[in-house]
Structures are given as structure tokens and as C-alpha cells.
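Here's a quick tour of one model, written for someone who'd rather be at the bench. Have a look at the sequence and the structure first, then read on.

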Amino acid sequence: MVRPFGKLTVVSKVEPQAHHKVSSGTVHKMPVDLKKALASDRTALALWQDLTPLARNEWICWVTFVKKEETRKDHVKRVITELKEGMRRPCCWLGCIHRKDKQVSSSVQSILNRRNKSK
């Protein structure tokens, strides 16, 4: 990328982050905060792009399923860290309940029912 800087011309080998393509999941759209985090880390982005669409969907759901903003920020950071540690899906995650191509398992439905009763 070439851009003017006063009387100088600056040549950069790194394209702006906005130009990095970040693939989404099968059900969920890519949230802006996760997209920015992935686009800012080349290693994590390469690992993300190597995931299957279903695996990316699990990560996206894991990030967006939480209620507190603080927890969501933590999950975004953990996506980057855990991808670099070799994880391909979120650990200890009941799975995306928003998929329409398969029925929610009875064990996951039981957990969801207990959550709804406690509210």
C-alpha cells in the first residue's frame, strides 16, 4: 500500500485490517468485535480461515451467547488465544442451539430447560 505522508510517500507491505477477509459461520454472522480481533492477528486469522464453517459457527455462537459484555470481551480474547493453542472448537461448550440442520440433543435440551426454570 502506498500513501502520502506530508512530502514523503510511505510504502507499507501490510494492507489495512479492513481488507482482510474473515469467514463467517453457517448460522451466525461474524460479529464486529470478533472480526476486528481476528483481523489484527495474522496467525489467529490463518487458523480461523482453516476451520470448517461449522467450527467457526461454534466459536461465533460461543462469543455471542453470553449475557455480560465483560464475558463477551473475554471470549473474544480467548478465541484468539485458544486457536493459537490448537483448539478447533470451544472447550466445554454445549454447542450452537441455533442450527436448523439438526435437532438439539436431549442432554443439551435438559440443560437449556434447567436454565429457563432458574430465571
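## Where to be careful

Over residues 8-18, pLDDT (the predictor's confidence in each residue, from 0 to 100) stays under 50, and for this stretch the model has 18 contacts beyond four places in sequence. A contact here means heavy atoms within 4.5 Å. Where pLDDT is low, the predicted coordinates should not be read in detail.

This is a predicted model, so to speak of local features takes a pLDDT of at least 70 and side-chain atom pairs count only at pLDDT 80 or more, while totals for chains, interfaces and linings use all residues. Residues are numbered from 1 along each chain as its sequence is written, and side-chain values use heavy atoms, with hydrogens and water left out.

The mean pLDDT of the protein chain is 80, with 75% of the residues at 70 or more. Confidence is lowest in strand E2, where the mean is 45, and highest in helix H4, at 97.

## The overall layout

The protein chain has five helices and two strands. Both kinds of element are DSSP runs numbered from the N terminus: helices are H or I with at least four residues, strands are E with at least two. Read from the N terminus, the order is β-β-α-α-α-α-α.

The protein chain has 119 residues, and 31% of them count as buried. Buried means under 20% relative accessible area, exposed means over 50%, and partly exposed is in between (1.4 Å probe, protein chains only). Among contacts between residues at least 6 apart in sequence, 61% join residues at least 24 apart.

## The core

Which residues touch the most other members of the largest nonpolar core? They are Leu34, Leu38, Trp48 and Val79, out of 22 residues in that core. H1, H2, H3 and H4 each supply at least two residues of this core, and H3 gives the most, with six. A nonpolar core, by the way, is a set of buried Ala, Val, Leu, Ile, Met, Phe, Trp, Tyr and Cys residues joined through side-chain atoms within 4.5 Å.

Leu38 has plenty to touch: leaving out residues up to four places away in sequence, its contacts are Val22, Met30, Ala44, Leu45, Trp48, Ile80 and Leu83. In H1, Leu38 is buried along with Leu34, Ala37 and Ala39. The buried residues of H1 pack against H2, H3 and H4.

Now for H2, which spans residues 42-50 and has Ala44, Leu45 and Trp48 buried. Why do these three sit on the same side of H2? Because they cover an arc of only 100° around the axis, the arc being that of the directions from the helix axis to the C-beta atoms. Their cover includes H1 (32-39), H3 (53-64) and H4 (69-84). At the start of H2, a side-chain oxygen of Asp41 comes to within 3.1 Å of the backbone nitrogen of Thr43.

Trp48 also turns up next to a loop residue. Ser23 lies in the loop between E2 (8-11) and H1, and Ser23 is buried, with a relative accessible area of 14%. Beyond four places in sequence, Ser23 touches Met30, Trp48, Gln49 and Arg56.

## Three neighbours in H4

Val76, Lys77 and Arg78 are found in H4. Buried or exposed? The table gives the burial of each one, plus a C-alpha to C-alpha distance to a residue elsewhere in the chain.

| Residue | Relative accessible area | C-alpha partner | Separation in sequence | C-alpha distance |
|---|---|---|---|---|
| Val76 | 8%, buried | Trp59 | 17 residues | 9.1 Å |
| Lys77 | 61%, exposed | Ala37 | 40 residues | 7.6 Å |
| Arg78 | 32%, partly exposed | Pro90 | 12 residues | 9.2 Å |

Setting aside neighbours within four places in sequence, Val76 is in contact with Asp33, Leu34, Ala37 and Val63. With the same kind of neighbours left out, Arg78 touches Trp62 and Leu83.

## The cysteines

How many disulfides does a search of the whole structure find? Zero, taking a disulfide as a pair of cysteine sulfur atoms within 2.5 Å. Cys61 is buried, with a relative accessible area of 0%, whereas Cys91 is partly exposed at 42%.

Methods: A polar contact is a pair of N or O atoms within 3.5 Å; within protein, one must be able to donate a hydrogen and the other to accept it, and residues adjacent in sequence count only if both atoms are side-chain atoms.
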